[in-house]
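Thanks for coming. I'll keep to a few local features and take them one at a time.

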Amino acid sequence: ARAICGWLLGTQLAASSYAMGNHAALSIAKYSGHARAWRPPAPPEASSHCADEKVCDIKHDDDNNNNNNNKKYSYLVDELVVGVTFVALWAIAAVGVALNWHPAELWVGCLSAPFGVYLRVYLARWNAPLSGAYVWQSSTLLEAGEGDDGNDNGNDKKWFPWGTFAANIIASVFDAFMSGAMLQCTTNCEHVLTGLELGLGGSLSTVSTWMADFHLLMNQRHGTVTRTRAYWYLISTLFVAASLSIAVYAGMRYGWVERTTS
């Protein structure tokens with residue numbers, strides 16, 4: 001009963017927090033004059049005062065090359081700054097693990113977190129971008145192939161965000177495995193397992209993207225089809241994650257009890 005209440009309360013709080021944050025961002029953008037709806041990029045317009053088309057084409061190509069070079073240099077600088085910062089912070093975490101700084105699980109978590117981030121980015125390839133109702137919404141869903149009336153056009157297999165779903169399931173099973181492994185380890189081993197659960201599992205799982213996908217499915221079309229899909233995605237994530245995690249933890253605990261009593 002406590003677990004079910006925790007599911008319901010936690011899911012409701014997460015959904016409400018995302019909705020309130022989205023509405024707050026809308027209000028701030030509206031009153032600050034920065035609210036704008038998403039629209040596809042417009043094709044470049046030809047200059048009306050250009051007499052020679054060849055000269056205009058050459059000038060347009062030169063402008064594009066200059067813009068591409070500026071973007072390339074800016075990208076390289078950004079990547080260099082991010083890379084140096086990451087190496088420095090990761091080196092500090094490695095020193096903290098080697099010297100057994102307190103608390104040990106925190107430094108183990110910092111050391112293992114990048115691997116969870118990389119795995120989550122890799123799993124995100126299973127998703128495709130979908131333009132949301134607002135320009136700052138980043139979706140991880142595929143086009144559902146529906147009309148504005150909510151009727152399905154036959155693309156049933158494209159709406160489910162498999163990348164986010166897989167990331168949360170793998171993280172839940174990993175945390176359950178770490179919890180089961182803690183039943184038969186020493187204090188130092190427990191610090192390592194707790195750090196892996198905190199860093200690798202915590203960076204792999206995502207509640208924010210889970211809620212973003214849910215709200216985008218709810219608001220993608222007007223109709224009962226996508227709303228049913230949104231709740232199906234929400235419930236299936238909870239059910240599969242809980243079922244597999246309970247099976248893994250219960251199996252490890254039962255096996256450990258059998259070995260200690262035999």
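Which residues does UniProt give the feature "transmembrane region"? The unreviewed UniProt entry places that feature at residues 80-99, 159-180 and 231-252. Keep in mind that what you see is a predicted model, and that annotations of this kind may be inferred rather than shown by experiment.

Two of those stretches can be set against the coordinates. Over residues 80-99 the chain is 95% helix and 0% strand, and the C-alpha atoms at the ends are 29 Å apart. For residues 231-252 the figures are 100% helix and 0% strand, with 32 Å between the end C-alpha atoms.

Next, the aromatic rings. How many aromatic pairs are there? The count comes to eight, with ring centres required to lie within 6.5 Å. One of the eight is Trp101 with Trp107, an edge-to-face pair with 5.3 Å from centre to centre and 75° between the planes. The partners fall into separate burial classes: Trp101 has 34% relative accessibility, so it counts as partly exposed, while Trp107 has 19% and therefore counts as buried. The cut-off for buried is under 20%.

Another pair is Phe160 with Tyr233. Why is it edge-to-face? Because the planes stand at 90°, with the ring centres 5.4 Å apart; the class asks for an angle over 60 degrees. This pair joins distant parts of the chain, 73 residues apart. Phe160 sits in the loop between α3 (104-123) and α4 (162-181), and Tyr233 belongs to helix α7, residues 224-261. Are these two residues buried or exposed? Both Phe160 and Tyr233 are buried. They also belong to one aromatic cluster, together with Trp162 and Phe165.

Last item: Ser203, which lies in helix α5, residues 187-204. Its relative accessibility is 14%, so Ser203 counts as buried. What does its side chain reach? The backbone oxygen of Ala113, at 3.0 Å. A polar atom of the Ser203 side chain also lies 2.7 Å from the backbone oxygen of Gly199. Leaving out residues up to four places away in sequence, Ser203 touches Ala113, Gly116, Val117, Arg120 and Leu198. Ala113 thus comes up twice, in the polar contact and in the list of touching residues.

That's the set. I'll take questions now.

Technical notes: Residues are numbered from 1 along each chain as its sequence is written. This is a predicted model: local features need pLDDT of at least 70, side-chain atom pairs count only at pLDDT 80 or more; totals for chains, interfaces and linings use all residues. Side-chain values use heavy atoms; hydrogens and water are left out. Helices (H or I, at least four residues) and strands (E, at least two) are DSSP runs, numbered from the N terminus. Buried means under 20% relative accessible area, exposed over 50%, partly exposed in between (1.4 Å probe, protein chains only). A polar contact is a pair of N or O atoms within 3.5 Å; within protein, one must be able to donate a hydrogen and the other to accept it, and residues adjacent in sequence count only if both atoms are side-chain atoms. Contact means heavy atoms within 4.5 Å. Rings of Phe, Tyr and Trp (its six-membered ring) pair if their centres lie within 6.5 Å; planes under 30 degrees apart count as stacked, over 60 as edge-to-face and the rest as tilted.
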